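Work through the exercises below with the sequence and the 3D structure at hand. Try each task before reading its solution.

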Amino acid sequence: MDFKRNIIVTGGAGFIGSHVVRLFVNKYPEYRIINVDKLTYAGNLANLKDVEDRPNYVFVKADICDFDKMAELLSQYHVDGIIHLAAESHVDRSIKDPFTFARTNVLGTLSLLQAAKNYWESLPEGYEGKRFYHISTDEVYGALELTHPEGIEPPYTTTASSNQHHMAYGEEFFHETTKYNPHSPYSASKASSDHFVRAFHDTYGMPTIVTNCSNNYGPYQFPEKLIPLFINNIRHRKPLPVYGKGENVRDWLYVEDHARAIDLIFHQGKVADTYNIGGFNEWKNIDIIKVVIKTVDRLLGRQEGEDMDLITYVTDRKGHDLRYAIDSTKLQKELGWEPSLQFEEGIEKTVRWYLDNQAWMDNVTSGDYQKYYDSMYKNR
Ligand code: NAD
Ligand code: TYD
């Protein structure tokens, strides 16, 4: 079967990648989606159970650092688009083991860029109709001041202003033009990969795009990250380790809204451009944790708030960035994207999903999910 487009999604078995793969496989039956994932601890093929037998979906277990394999896949599948999400993504792990982050995030991205350059430059039409879309994070911009700890009315108007909780904790925001100033080994490695992607445009003319998104939440997130970890701990009445005073601010976006933005930008974004993606939805960690506790309690039929005593303040994360806040006005104005969910709805949906999918969670926490590839794919 001939496909209209052949798109590699790297890291498709991870949290955000699985939502991107699902969206593209369902929405574009005329595209072939090739999910290239090494299946590290963060990769879980059960995240894609519902699409694994689709005729326009292919899974390849491979490491993006394996340059020869990347080159082979590009020409084998006549790839004309790459949506690059594969990365080591957890800040706490990067503090313990920065080398793995440099290897995958920097060298892996470079290996993919170089393989794409060689393949696309070998074609008669060259870079025409091609796209290398790199998914990055707001953490590359560093940290903002928390000048208004009680929160202020934000200085922007967006449709997200209907959020019940709608405030900013400072006057400054990350804009597309904000100078990079990463602090953690994770954000330093992502910043470096962003620079390589832009260098491939500026040096070779590769049609690249970079987007920087705020913290995502939603189904299928690995339970080392704040929200799924805490939902699971509350369920099992285990302590909730709050770093420092819980005063750090993050800007949260529902993962399917990120996937929709990726779809829009992949198709309509301007080559060589950068877009910030975020929902104008800042929360102090301690406030979000209280909302999560109340929601879990209510949905489990417990008395709302009875698990507040699980909150346990622990030693702060080293170099813990104080505040992230994305200004996504450019994306909203130029491409008409906007977040679809109010945060309260998104959190309710998310908590419900984790509680309804306890088997998924148990599979991940027991390590059984790592056997999925062997049972489903090894002998295909
Ligand atoms: P994740 O950790 O859930 O998934 C990463 C995926 O990449 C996993 O499936 C893993 O197996 C795969 N992978 C890792 N190393 C690989 C390698 N060497 N070769 C091939 N595959 C490899 O991450 P996520 O939270 O889904 O994030 C995806 C991307 O989005 C990352 O680039 C991250 O920096 C970026 N991002 C994440 C957030 C967030 O809140 N999670 C926000 C903004 C940007
Ligand atoms: P995390 O989900 O790791 O995302 P990121 O570090 O990329 O923002 O953490 C979100 C916030 O929650 C961050 O400020 C660190 C904090 N945090 C805790 O307080 N306790 C925890 O156990 C975790 C995992 C995070």
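The exercises that follow concern a predicted model, and they treat its ligands, a cavity and two residues.

**Exercise 1. Describe the surroundings of ligand 1 and find its polar contacts.**

Solution.

Step 1. Begin with the neighbours. The shell around ligand 1 holds 28 residues, and Ile16, Asp37, Ser89, Tyr186 and Lys190 come nearest.

Step 2. Sort the shell by residue type. It divides into 13 nonpolar, 11 polar and four charged residues.

Step 3. Look for polar contacts, taking a pair of N or O atoms within 3.5 Å as the cut-off. An oxygen atom of ligand 1 lies 2.6 Å from a polar side-chain atom of Lys190. The backbone takes part as well: an N or O atom of the Phe15 backbone is 3.0 Å from an oxygen atom of ligand 1. At Lys38, a polar backbone atom lies 3.0 Å from a nitrogen atom of the ligand.

Step 4. Turn to the surface. Ligand 1 taken alone exposes 840 Å², of which the protein buries 97%.

Step 5. Assign the shell to elements. Two or more residues each come from helix 1 (15-27), strand 5 (131-137), helix 5 (185-204) and strand 7 (215-217). Strand 5 gives the most, with three residues.

**Exercise 2. Do the same for ligand 2.**

Solution.

Step 1. Ligand 2 is surrounded by 17 residues, the closest being Glu139, Pro241, Arg250, Arg317 and His320.

Step 2. By type, this shell has seven nonpolar, five polar and five charged residues.

Step 3. Consider the contacts made by oxygen atoms of ligand 2. One is 2.7 Å from an N or O atom in the side chain of His320. A polar backbone atom of Tyr243 is 2.9 Å from an oxygen atom of the ligand. For Leu226, a backbone N or O atom lies 3.0 Å from a ligand oxygen.

Step 4. On its own, ligand 2 exposes 510 Å², and the protein buries 96% of that.

Step 5. The elements that contribute two or more residues to this shell are helix 6 (226-235) and strand 8 (240-243).

**Exercise 3. How many cavities of 30 Å³ or more does the structure hold, and which residues line the second largest cavity?**

Solution.

Step 1. The count is two cavities.

Step 2. The second largest cavity contains about 60 Å³ of space.

Step 3. Its lining consists of Val91, Glu139, His183, Ser184, Arg250, Arg317, Lys318, Gly319, His320, Asp321 and Tyr324. By type, these divide into two nonpolar, four polar and five charged residues.

Step 4. Compare this lining with the closest residues of Exercise 2. Glu139, Arg250, Arg317 and His320 appear in both lists.

**Exercise 4. Is Asn232 buried or exposed, and where is Arg323 found?**

Solution.

Step 1. Asn232 is found in helix 6. Its relative accessibility is 8%, so Asn232 counts as buried, the cut-off being under 20%.

Step 2. Check a partner that is distant in sequence. Gln358 is 126 residues from Asn232 along the chain, and their C-alpha atoms are separated by 8.8 Å.

Step 3. Arg323 is found in the loop between strand 12 (311-314) and helix 9 (329-335). Arg323 counts as buried because its relative accessibility is 0%.

Step 4. Finally, look for a partner of the Arg323 side chain. A polar atom of this side chain lies 3.0 Å from the backbone oxygen of Glu172.

Terms used:
Residues are numbered from 1 along each chain as its sequence is written. Chains are lettered from A and ligands numbered from 1 in the order in which they are written. This is a predicted model: local features need pLDDT of at least 70, side-chain atom pairs count only at pLDDT 80 or more; totals for chains, interfaces and linings use all residues. Side-chain values use heavy atoms; hydrogens and water are left out. A residue is near a molecule or strand if one of its heavy atoms lies within 4 Å of it. A polar contact is a pair of N or O atoms within 3.5 Å; within protein, one must be able to donate a hydrogen and the other to accept it, and residues adjacent in sequence count only if both atoms are side-chain atoms. Accessible areas come from the Shrake-Rupley method with a 1.4 Å probe; for residues, only the protein chains shown count as cover. Helices (H or I, at least four residues) and strands (E, at least two) are DSSP runs, numbered from the N terminus. Ala, Val, Leu, Ile, Met, Phe, Trp, Tyr, Cys and Pro count as nonpolar, Asp, Glu, Lys and Arg as charged, and the others, Gly among them, as polar. On a 1 Å grid over the protein atoms alone, a cavity is a set of points where a 1.4 Å probe fits but cannot get out, and a pocket is an open set with protein on both sides within 12 Å along at least five of seven lines; lining residues have an atom within 4 Å of a point. Grid points are joined across faces, edges and corners, and a volume is the space filled by probe spheres set on the points. Buried means under 20% relative accessible area, exposed over 50%, partly exposed in between (1.4 Å probe, protein chains only).
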